[in-house]
Amino acid sequence: MGKPLVAFLTGAGISTDSGIPDYRGPSGLWTRNPEHEKLVTYSYYMADAQIRRQSWQMRRDLWTAGVVPNAAHRAIAELESSGVAAVRVLTQNIDGLHQDAGLPSRKVLELHGTSRFVTCVSCGSRGPVAEVFARLDAGETDPACLPCGGILKTATVMFGEALDASVLSEAAAIAKACIVMFAVGTSLQVYPAAGLVDLAVDAGARLVIVNASPTPYDEMAAEVVREPIGTALPRLLRELAVA
Ligand code: ZN
């Protein structure tokens, strides 16, 4: 038997302390201005060069905000490096902050992809988003794939796109195998997050929810924590480490 597997299902709430807005929350950018949602909707993005120009500009502006991981990201990475448990993160976030906090990339499953890379919709080639930003800085507005001329997009799952089936099946396997699942900063109201919680609980995992507002899974949880994630998660993981 290996080390006990601890899974973290993380959503927008874990990154708000790092200054990343929750775009879909009650005061989120896309909730207040539905026009913004077009910038991350596949059909609009593919059909309209103007949308792509605005979409790249938005991502460029967000990137230069210079976000860094917060205490909650660091606490998860420290649990992993302590060797007390095997750690896997299933995240709805695209910000790469779990990896920035020191978690090895192979231990982070990005359910909605990543904004750190771009991909070509025609030939599938992949590269760092920084290269596209450099081209924007040099004056391009809708940079095309250099090898084939196809449309480039961030390696994120846009509205209207399917989630990666292999990422999903790996996430499901982790949910079924973990002894504890921490659901952190996610409202657990959308697929696949909610389904992963069902899998974990059905398989006997202890569910701990750390979220500012109630979720449909609170009744199922062994523990529900409402205090701010940046203080609650480090404390919970210290307690876990000595258990
Ligand atoms: Zn291409």
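1. In this predicted model, the centres of domain 1 and domain 2, taken over C-alpha atoms, are separated by 27 Å. The domain assignment makes domain 1 out of three stretches of the chain, 1-20, 70-112 and 162-243, while domain 2 is put together from 21-66 and 115-156. Where the two domains meet, the contact takes ten residues from domain 1 and seven residues from domain 2.

2. The next point concerns a pocket. The second largest pocket has a volume of about 400 Å³, and of the 21 residues that line this pocket, the closest to its centre are Glu110, Gly113, Thr114, Arg126 and Ala155. Where does the second largest pocket lie with respect to domain 1 and domain 2? Because both domain 1 and domain 2 give residues to the lining, the second largest pocket lies between them.

3. The lining of this pocket can also be read by element and by residue type. The elements that give two or more residues to the lining of the second largest pocket are the strands β3 (108-110), β4 (113-120) and β6 (152-156), and the largest share, four residues, comes from β4. Sorted by type, the residues of the lining divide into nine nonpolar, six polar and six charged.

4. A pair of helices deserves a separate look. Two packed helices are described by the angle between their axes and the distance between the axes. For helix α8 (residues 165-177) and helix α9 (residues 193-202), the angle is about 35° and the axes are 7 Å apart, and α8 passes α9 in a right-handed crossing. On the α8 side the contact is made by Ala171, Ala172, Ala175 and Lys176, and on the α9 side by Leu196, Leu199 and Ala200. Which types of residue make up the contact of α8 with α9? The residues of this contact divide into six nonpolar, no polar and one charged.

5. The loop between β7 (180-184) and α9 should be checked with some care when the backbone is examined. Most residues other than glycine have a negative phi, and most peptide bonds are trans. Leucine 188, which lies in the loop between β7 and α9, has a phi near 55°, a positive value in a residue other than glycine. Proline 192 is found in the loop between β7 and α9 as well, and a cis peptide bond, with omega about 5°, joins tyrosine 191 to this proline.

Notes: Residues are numbered from 1 along each chain as its sequence is written. This is a predicted model: local features need pLDDT of at least 70, side-chain atom pairs count only at pLDDT 80 or more; totals for chains, interfaces and linings use all residues. Side-chain values use heavy atoms; hydrogens and water are left out. On a 1 Å grid over the protein atoms alone, a cavity is a set of points where a 1.4 Å probe fits but cannot get out, and a pocket is an open set with protein on both sides within 12 Å along at least five of seven lines; lining residues have an atom within 4 Å of a point. Grid points are joined across faces, edges and corners, and a volume is the space filled by probe spheres set on the points. Ala, Val, Leu, Ile, Met, Phe, Trp, Tyr, Cys and Pro count as nonpolar, Asp, Glu, Lys and Arg as charged, and the others, Gly among them, as polar. Domain bounds come from an automatic or database domain assignment. Axes are lines fitted to C-alpha atoms, for helices over the stretch in contact, and angles run from 0 to 180 degrees between N-to-C directions. A crossing is left-handed if the near helix is turned anticlockwise from the far one by less than a right angle, and right-handed if clockwise. Contact means heavy atoms within 4.5 Å.
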